[in-house]
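Trainee: I would like a close look at a single part of this model, followed by an account of how that part sits among the other features.

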Amino acid sequence: MSDATVPADGRTPGAVGDRSTRAAVATMYRLTAGHRSAMAVAVVLTLVGSALGLAQPLVAKHVVDATGRAQVPWPLLALLGALFVTEAATGAVGRFILERMGERVVRHVRHGLVGRLLRLEMREYGRHRNGDLISRVTADTTLLREVVSQALVDLVTGSLVAAGAIVLMAWLDALLLLLVAVTVAAAAVIVASLLAGIRHASEHMQESVGAIAADLERALGALPMVRVNRAEEREAARVGVRVEEAYGAGVHTAKLASVMSPAVELAVQGSFLVVLVIGGLRVNGSAGSLGDLVAFLLYASYLVLPLSSVFRAVGLVQRGMGAYQRIDEALRLPVEHSAPRATAVLAHAPRPARPPLGPEQPALALRDVHFGYDPARPVLQGVSFSVAHRQHVALVGRSGAGKSTVFALVARFYEPDAGTVFFGGRPATDIGLDACRQRIAVVDQNTHVVHGTLRDNITYAVPDATEAEIRRVVELARLDEVVDRLPGGLTAVIGERGSTLSGGERQRVALARALLARPSLLLLDEPTSHLDAINESALTTVMKDVAQECALLVIAHRLSTVQHADRIVVLDDGRTAACGRHEELLADSTLYRELAASQMLRPGGPRSEGGGGHGTDGR
């Protein structure tokens with residue numbers, strides 16, 4: 001295995017389905033790619049320290065033999081002390097190098113996991129719980145660090161040191177070594193029978209820990225709802241079930257480990273007693289010297305640590321594979337591909353029809369777009385419309401008509417099942433994700449405000465924005481009074497999910513953030529849903545100003561928002577039902593007249609209960 005570094009996403013080659021100890025060790029070893037030199041230094045230092053330890057019984061043998069002749073071997077005693085101190089020093093340095101290597105490996109895996117989880121295809125977030133994904137970055141990698149920093153080297157050094165001790169014991173007394181080997185082999189059989197159970201229990205425990213994080217994140221993310229509905233006890237009970245599952249798996253793991261450790265200790269202690277009794281009889285029978293027996297006993301006791309470390313390392317590797325299995329699953333989830341389609345791939349593929357050429361291509365165009373979150377349940381069925389530069393287009397329709405799904409496709413959260421989305425006359429797939437998203441800004445109905453300062457949230461898309469640019473968007477979004485009210489103004493910390501702001505204030509923060517990016521296409525999803533009449537009127541003026549700078553596509557249910565649009569697109573059951581200005585549609589579109597006359601489009605009317613976040617069918 002070369003020392004080439006593992007891929008940037010942290011994945012390592014090889015399947016994790018093979019549950020043998022050999023396959024598990026090979027998988028863990030692959031994680032150390034790029035850190036093999038540090039690992040080699042640590043192994044060498046550990047072996048040097050162990051060699052110094054193996055030399056101590058031989059020196060002790062000569063000390064015992066010399067004292068039997070009524071001599072005080074001061075040079076040998078000094079050598080014994082020097083060996084002991086040097087062994088401790090080299091062991092300490094080697095252990096530090098190992099721990100640092102383990103931290104570096106886990107750092108690399110965590111970077112890969114975080115980068116992967118932030119770039120997953122949007123469908124994957126609906127299939128996996130956020131808390132469980134987070135636990136793979138935290139809890140699972142922590143267990144992995146222990147395996148990489150300790151278990152692998154313990155396997156190597158423990159095996160080599162044990163082999164050295166066995167060679168020296170065979171040189172001193174082969175019969176006594178045979179007795180020791182029998183007891184150790186019995187312990188090895190017990191350990192091998194427990195390994196599969198330890199790995200299974202570890203996997204179950206890590207899954208339970210992930211479920212705890214997921215259920216707790218679920219409750220904390222909707223805490224006002226939990227409090228209002230007096231559901232604290234129910235949520236605590238839900239999380240408590242996961243806690244009990246983790247407890248049960250942990251106890252089962254501890255039960256197996258509690259059988260394994262005493263088995264090893266009893267085997268070693270039993271062999272020590274056998275050596276003491278049989279060896280003593282042999283010394284009395286003049287079959288060996290007292291120095292030989294002392295040296296053999298020291299080696300037998302010295303064999304305890306490396307053998308225990310080997311057995312412990314094997315068990316730890318199996319536990320670590322339970323954590324690595326979950327990490328590997330996360331690293332194999334599909335991610336978005338930001339690069340445009342390769343020319344070579346498209347060479348023989350039919351080119352999608354471009355929009356009609358004119359003096360200027362529209363900022364956005366959808367041509368016969370079909371899409372469904374579930375292929376068996378289509379949401380969009382042939383949607384077509386365009387948004388010209390510096391044009392204000394409103395998107396209206398009943399709840400479930402597909403308005404928010406159109407936004408999800410324009411933002412490239414999903415790809416159409418058929419049809420094409422164009423930006424500036426070019427197919428979106430030819431431009432690439434990053435280039436497409438550089439052209440747009442989105443103010444979602446579910447406004448996203450993150451923990452941090454007000455400035456952090458406004459400048460999220462443009463971190464290096466100047467003070468003048470920030471002041472401009474603050475004024476445009478009518479955030480002046482919010483900045484003045486908050487202690488510290490723009491530097492005020494606004495809490496988790498913007499908890500210190502009202503719904504309307506959070507929506508205006510999102511609008512300021514979008515305007516700061518100066519997009520060529522601004523998407524507004526129900527921009528007036530959280531605004532009072534005064535701020536709604538102000539936002540209408542803002543939208544008129546914004547439409548002079550960029551294209552504007554707005555999902556709206558309020559007549560006050562819709563009637564000022566340059567163009568209105570009416571969706572019905574995933575299809576484009578009508579397009580035109582307000583007055584034209586009132587005259588020509590039965591559906592639009594129904595919407596305008598109903599609760600769906602009325603002055604200051606309530607927002608629709610549909611058209612929620614991106615992730616459910618029929619929006």
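Trainee: Does L281 count as buried or exposed, and at what relative accessibility?

Mentor: This is a predicted model, and in it L281 counts as exposed, because its relative accessibility is 57% and the cut-off for that class is over 50%. L281 is placed in helix α8, and together with L273, L276 and V277 it makes a nonpolar surface patch of about 390 Å². In soluble globular proteins, nonpolar side chains tend to be buried together. The exposed state of L281, at 57%, may be read against that background.

Helix α8, which covers residues 232-284, also holds R238 and E235, and because these two are three residues apart they are separated by about one helical turn. R238 forms a salt bridge with E235, with 3.8 Å between the closest N and O atoms, a value to be read against the cut-off of 4 Å for such a pair. The two partners can be described by their accessibility: R238 is partly exposed, with a relative accessible area of 39%, whereas E235 counts as buried at 12%.

By the rule for such pairs, the count comes to 18 salt bridges, and some of them are linked, since D132, R136, D140, R326 and E329 belong to a network of salt bridges. Within this network, the side chains of D132 and R326 meet at 3.2 Å, N to O, and this pair links distant parts of the chain, with D132 in helix α5 (residues 130-172), R326 in helix α10 (residues 304-331), and their positions 194 residues apart. The side chains of D140 and R326 also meet in a salt bridge, at 2.7 Å, N to O, and because D140 lies in helix α5 and R326 in helix α10, this pair ties together parts that are 186 residues apart in sequence. As for accessibility, R326 counts as buried at 4%, D132 counts as buried at 12%, and D140 is buried as well.

Nonpolar residues inside the model can be set beside the patch on helix α8. The largest nonpolar core has 48 residues, among which I458, L522, I568 and V570 touch the most other members, and the largest share of this core, seven residues, comes from helix α18 (residues 503-516). A second, separate core has 35 residues and includes M28, L117, V310 and V335. Leaving aside residues up to four places away in sequence, V570 touches V396, R575, T576, A577, A578, L585, L591, Y592 and L595. Another buried position is G53, with a relative accessible area of 2%; G53 lies in helix α2 (residues 36-68), and its C-alpha is 9.4 Å from that of V161, although G53 and V161 are 108 residues apart in sequence.

Confidence should be kept in view throughout. The chain averages a pLDDT of 76, and 81% of the residues score at least 70; the mean is highest in strand β1 (residues 364-371), at 92, and lowest in helix α11 (residues 343-346), at 38. Over residues 1-10 the pLDDT stays under 50, and for this stretch the model has 26 contacts beyond four places in sequence, while residues 12-16, where pLDDT is below 50, have 15 contacts beyond near neighbours in sequence. Where pLDDT is low, the predicted coordinates should not be read in detail.

How values were computed:
Residues are numbered from 1 along each chain as its sequence is written. This is a predicted model: local features need pLDDT of at least 70, side-chain atom pairs count only at pLDDT 80 or more; totals for chains, interfaces and linings use all residues. Side-chain values use heavy atoms; hydrogens and water are left out. Helices (H or I, at least four residues) and strands (E, at least two) are DSSP runs, numbered from the N terminus. Buried means under 20% relative accessible area, exposed over 50%, partly exposed in between (1.4 Å probe, protein chains only). pLDDT is the predictor's confidence in each residue, from 0 to 100. Contact means heavy atoms within 4.5 Å. Patches are made of residues with over 30% relative accessible area and no salt bridge: like charges are joined within 9 Å, nonpolar side chains (Val, Leu, Ile, Met, Phe, Trp, Tyr) within 5 Å. Accessible areas come from the Shrake-Rupley method with a 1.4 Å probe; for residues, only the protein chains shown count as cover. A nonpolar core is a set of buried Ala, Val, Leu, Ile, Met, Phe, Trp, Tyr and Cys residues joined through side-chain atoms within 4.5 Å.
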